[in-house]
Amino acid sequence: MGLLILGTALAGAGLLWWSVSDTARGRAAPSDGLVLGAWHILYDTEAPTVPTLAAAGGLALLFAAGVAALERRIATRARRSDDGAGLPLSPRHVMAETRGVFHGPVTLTVLVPAHDEAQGIAATLASLAGQSRPPDRIVVVADNCTDDTAEIARRSGAEVVESIGNRHKKAGALNQALTRILPGQGENDLVMVMDADTVLDDGFLDAVVRRMTDDRALMAVGGLFYGEEGKGLIGQFQRNEYTRYARDLRRRRGRVFVLTGTATVFRPRALRTVAAERGRLLPGVPGDVYDTLVLTEDNEITLALKALGGLTLSPAECTVVTEVMPTWRSLWAQRLRWQRGALENLGAYGLRPATFRYWAQQLGIGYGVIALFSYLLLMLLMALSFDSWVWFPFWLGTGLVFTVERIVTVWHGGWRARLLAATLFPELVYALFLDIVYLKGIIDMSLGRNADWKHVVSTPRGARVDA
């Protein structure tokens with residue numbers, strides 16, 4: 001990996017050096033075209049020069065190599081650290097404390113937080129019972145339910161813990177349940193948090209237990225999530241997005257961005273350490289495992305574990321199927337909560353080694369927003385500038401490469417995913433929608449507007465509406 005990063009950096013530096021040392025000769029002056037019959041704009045009918053392309057490619061490679069090198073250095077430092085005060089979950093520290101001691105057989109307790117999930121809770125519990133390695137204990141955390149979620153869970157054989165006076169949504173309900181459960185958990189006892197609208201693929205728990213048994217330093221294992229079938233075109237957009245995300249994680253060999261709330265398994269040591277460090281190394285209320293003030297508790301606890309040096313993974317064999325939003329309105333609410341929650345979490349943690357990758361990711365999203373809007377604006381100006389339509393071979397070729405990339409990255413999603421990706425423009429509209437959500441989150445934070453959790457509940461007919 002180090003040689004790959006070094007090679008990428010050298011290639012980028014070489015391209016950049018060549019581009020500035022070469023002089024572009026014989027380049028035609030831009031033509032003058034009419035816009036809307038009143039204004040004028042300069043446009044260029046030629047492709048960018050080779051030195052220009054080399055400079056762009058060189059800068060991109062240098063940036064990618066720089067981010068990868070820093071991320072690798074930060075991860076290596078955390079793994080090798082023996083700083084029990086600053087990085088109490090670092091692999092070296094944990095391995096030293098647990099070496100040579102048998103902590104008993106591995107057990108698995110599953111917590112399923114549920115708020116009015118009567119329509120889907122039975123399928124979720126059935127997927128748990130049907131695992132090749134079933135959990136030892138299933139606890140449904142019924143949070144302020146107004147339907148028969150608790151009764152259905154009991155009939156399905158699960159324990160039910162009902163929250164008491166909880167005003168902090170999912171995070172508050174989980175904190176209440178963990179207060180009861182964690183004191184009885186040992187070093188080899190695992191705790192899984194799983195959404196009530198998620199179905200595990202067979203073999204998920206067996207793979208998790210095997211990973212945790214083989215590596216005492218591993219603090220959490222998250223699932224790779226895929227979208228459920230159905231919900232029309234908007235559902236396919238989300239399935240394509242999730243397929244690309246899973247592909248990225250597989251290429252990163254499971255080095256997870258976010259421990260998804262759909263299904264994540266934790267060591268009790270990790271959860272207890274997070275609770276103990278709230279108010280000292282971590283933001284939040286001392287004693288709380290989950291920060292009740294955040295919009296995205298799964299993203300926040302990922303940052304918490306990484307800030308404490310914890311090793312986390314999302315292996316390719318740990319897959320789950322989760323719901324997709326059926327309407328643009330519900331998708332808007334979900335993504336605005338995700339995006340704003342991620343930004344607020346970064347603001348709370350600040351710039352530290354554990355958050356470097358996430359800051360770079362958000363800057364990349366911001367750049368992508370600017371790039372997409374600029375691309376669409378320039379396309380519009382180009383169309384209005386010409387007296388007759390002109391086909392540019394270079395840009396047609398660039399568009400073809402982009403289309404091929406979109407198809408390849410969703411290949412495992414099936415023929416519907418490939419067909420949607422091949423049409424290109426619908427997915428550009430979807431990307432534009434997500435970019436507008438990003439801008440809305442930035443604007444709301446800048447103006448100090450209060451955020452709403454926007455919980456989504458099931459209806460008897462299978463549709464979903466905002467609560």
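**Exercise 1. Strand S7 and its sheet**

Task: In which sense do S7 and strand S12 pair, and over how many bridges? Then place S7 in its sheet.

Solution:
- Step 1. This is a predicted model. In it, S7 pairs with strand S12 (residues 319–322) in the antiparallel sense. Two bridges join S7 and S12.
- Step 2. Pick out a bridge. Leucine 200 has valine 320 of S12 as its bridge partner.
- Step 3. Read the strand order. The sheet is open, has three strands and runs S7-S12-S9. Its pairing is mixed.
- Step 4. Find the edges. S7 (199–200) and S9 (224–227) each have a single partner strand, so one side of each lacks a neighbour in the sheet.

**Exercise 2. Strand S8 and its partners**

Task: Which residue of S11 is the bridge partner of valine 221, and which residue of S10 stands opposite valine 221?

Solution:
- Step 1. Start with S11 (residues 311–313). S8 pairs with S11 in the parallel sense, over three bridges. The partner of valine 221 there is leucine 313.
- Step 2. Turn to S10 (residues 263–266). S8 pairs with S10 in the antiparallel sense, again over three bridges. Here valine 265 stands opposite valine 221.
- Step 3. Check the cover. S8 spans residues 218–222, and five of its five residues are buried.

**Exercise 3. Two packed helices**

Task: At what angle do helix H8 and helix H13 pack, and how far apart are their axes? What kinds of residue make the contact?

Solution:
- Step 1. Take the geometry. H8 (residues 232–251) and H13 (residues 393–409) pack at about 80°, and their axes lie 9 Å apart.
- Step 2. Classify the angle. The range 65 to 115 degrees counts as roughly perpendicular. H8 is therefore roughly perpendicular to H13.
- Step 3. List the contact residues. H8 supplies Thr243, Arg244 and Arg247. H13 supplies Arg406, Val408 and Thr409.
- Step 4. Sort them by type. The contact of H8 with H13 has three charged residues, two polar and one nonpolar.

**Exercise 4. Cysteines**

Task: How many disulfides does the structure hold? Is cysteine 318 buried or exposed?

Solution:
- Step 1. The structure holds zero disulfides.
- Step 2. Buried means under 20% relative accessible area. Cysteine 318 has 0% relative accessibility, so cysteine 318 counts as buried.
- Step 3. Cysteine 145 has 25% relative accessibility and therefore counts as partly exposed.

**Exercise 5. Positive phi outside glycine**

Task: Where are aspartate 116 and leucine 424 found, and what is the phi of each?

Solution:
- Step 1. Aspartate 116 sits in the loop between strand S3 (107–114) and helix H4 (121–129). Its phi is positive, about 55°, although aspartate 116 is not a glycine.
- Step 2. Leucine 424 lies in the loop between helix H14 (415–423) and helix H15 (425–447). Its phi is also positive, about 70°, and leucine 424 is not a glycine either.
- Step 3. Check accessibility. Aspartate 116 has a relative accessible area of 13%, so aspartate 116 is buried. Leucine 424 is buried too, with 14%.

**Exercise 6. A loop serine**

Task: Which residues does serine 90 touch, not counting those up to four places away in sequence?

Solution:
- Step 1. Locate the residue. Serine 90 is in the loop between helix H2 (50–80) and helix H3 (91–98).
- Step 2. Check the cover. With a relative accessible area of 0%, serine 90 is buried.
- Step 3. Name the contacts. Beyond four places in sequence, serine 90 touches Ala78, Ser81, Leu308 and Gly309.

Notes
Residues are numbered from 1 along each chain as its sequence is written. This is a predicted model: local features need pLDDT of at least 70, side-chain atom pairs count only at pLDDT 80 or more; totals for chains, interfaces and linings use all residues. Side-chain values use heavy atoms; hydrogens and water are left out. Two strands pair if DSSP finds at least two bridges between them. Helices (H or I, at least four residues) and strands (E, at least two) are DSSP runs, numbered from the N terminus. Axes are lines fitted to C-alpha atoms, for helices over the stretch in contact, and angles run from 0 to 180 degrees between N-to-C directions. Angles under 35 degrees count as roughly parallel, over 145 as roughly antiparallel, 65 to 115 as roughly perpendicular and the rest as oblique. Contact means heavy atoms within 4.5 Å. Ala, Val, Leu, Ile, Met, Phe, Trp, Tyr, Cys and Pro count as nonpolar, Asp, Glu, Lys and Arg as charged, and the others, Gly among them, as polar. A disulfide is a pair of cysteine sulfur atoms within 2.5 Å. Buried means under 20% relative accessible area, exposed over 50%, partly exposed in between (1.4 Å probe, protein chains only).
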